[in-house]
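User: Hi! I would like to learn how to read the features of a two-chain model. Could you walk me through this one?

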Amino acid sequence: MSRLHDMGGRFGDGPIPIPRRRNNEIDNHEPTFKYDWHAKAWAITLAAGALGEWNLDISRHYRECLPPKDYMNYSYYEKWLAALTNLLVDKNLVSLEELKNVIDLVEKKGLNFEANKSEKLDKRAWLARDVQKTLGWGGPSIREINVSPIYKINEKVVTVKYSPNEDVNGGHTRLPSYVMGREGIIYSYNGSHVFPDKNAHAKGENPLPLYTVEFKASELWGVSAEDDNDSIYLDLWEPYLKK
Amino acid sequence: MTSEKEHNHNHSHHHKHEDAHSHLPSDPELRVKAIETLLLEKGLIDSETLDELIDTYENKIGPQNGAKVVAKAWVDESYKKRLLEDATAAIRELSYQGRQGENMVVVENTPDIHNVVVCTLCSCYPWPVLGIPPTWYKSDEYRSRTVREPRKVLSEFGVNVDPKVKVKVWDSTAELRYLVLPMRPKGTEHLNENELAELVTRNSMIGTGLPENAK
């Protein structure tokens, strides 16, 4: 079974919410962050992630693990914030007690008060002077390891049928349900990359060959495909595939 | 019936937080304020770092970067070749690199192929060249429909793809990040690289738009 975030191909969603100007032209220039709290939620999530207590795959999995009702009701940055809150408590960066106290505080005082900032920053904290350097490095997922890929370019493959996380029931995976058990062609090989199915559960990076696989629209959607010749490409790790 | 707090979390592994997020205030602004206050009090985050991050993506990193990559590829055949062979290295030539663009792939639109990029599982997007994704890119509607009915989705953006043109949809399921190289508009032979970059819209580099025509 999948989770709600795995929504590729789902029916029922309406028109894309495209912002338009008064003359009905598409607005390509809406602000980076619509509200100040969006910017803050985003930046706090990045800064808290830099403390090194979790990786990108873990934070993705926490968002996916929000209860379905919350996942559907929350806007984008509300999901980020809820997952961050759960992470902060789980990783012992804040206690539930401290969290409840600060919630009481803001509910009493509202938005207009200054936080009583700590005089000393935690030694793990991300310093402003390091921001550009760290962003420039990023966090590459490719690993130089000597593994030969099993599959060759243009080879026919079939994706596994069931949720492939072997360690954790309902665990993280990057194989969407809409391509499970479908036939595709290896389009390219991209080297070995950190395997999210392990990394999201703090079971090590376990880098594995990553391929781009081409699926025909007709293979995925049958007679309802818009055009049989259209293709959908996904980046899939070797364990998601078989011959 | 179970109460809100008792609802089944559907985790097979046990988390300690017991839905810590369910204690948060209903107003999202207050939620952010609470987390920010707590992390500042504990010295876990620095407010200058938050300001620097927000300023960077509001003012320095955005689709203007990707537009320069595209314009350069339009005027310089050898750059275009490098870009299609090793996009990460070619984009680094213009000093764009790093977070959420560590492994770049550029896909080229041609008279026979139209490319469009989506992330059905979350909101993967090439930050160094396009910045933070727009709201519609992160919407359920775009995430669910683009892989199943790309032509209909594109038509909502005003892009009507000829039935003879193949549509390629790229679902960013790993850490490769995709940038579409749109076709250079006709009648732009007289324009220089900077002028061409002005025509390259953000949506044209996602595949949900086309470059503007020369004025």
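Analyst: Happy to; we will go through the contact, the strands, the cores, the domains and two backbone angles. This is a predicted model, where local features need pLDDT of at least 70, side-chain atom pairs count only at pLDDT 80 or more, and totals for chains, interfaces and linings use all residues. Residues are numbered from 1 along each chain as its sequence is written, and chains are lettered from A and ligands numbered from 1 in the order in which they are written.

User: How many residues does each chain bring to the contact?

Analyst: Two residues are in contact if their C-beta atoms, placed from the backbone, lie within 7 Å. Here chain A and chain B each bring 91 residues. Helices (H or I, at least four residues) and strands (E, at least two) are DSSP runs, numbered from the N terminus. On the chain B side, α1(B) gives the most, with 14 residues.

User: Which strand of chain A pairs with β3(B)?

Analyst: Two strands pair if DSSP finds at least two bridges between them. Strand β5 (residues 231-237) of chain A pairs with β3(B) in the parallel sense, over four bridges. Within β3(B), D171(B) is the bridge partner of L234(A).

User: Which residues have the most contacts inside the largest nonpolar core?

Analyst: In soluble globular proteins, nonpolar side chains tend to be buried together. A nonpolar core is a set of buried Ala, Val, Leu, Ile, Met, Phe, Trp, Tyr and Cys residues joined through C-beta atoms within 7 Å. A residue is buried if 20 or more other C-beta atoms lie within 10 Å of its own, exposed if 12 or fewer, and partly exposed in between. The largest core has 68 residues, and those with the most contacts inside it are I232(A), L236(A), V70(B), A87(B), V169(B) and L179(B). Helix α3 (residues 63-75) of chain B gives the most to this core, with six residues. A second, separate core of 46 residues includes Y62(A) and L66(A).

User: Where are the domains of chain B?

Analyst: Domain bounds come from an automatic or database domain assignment. For chain B, it gives domain 1 (26-60) and domain 2 (61-206), with C-alpha centres 30 Å apart.

User: Is N154(A) exposed or buried, and why?

Analyst: N154(A) counts as exposed because it has 9 C-beta neighbours inside 10 Å. This residue has a positive phi of about 75 degrees although it is not a glycine. N206(A), also not a glycine, has a positive phi near 40 degrees. N206(A) counts as partly exposed because it has 15 C-beta neighbours inside 10 Å.
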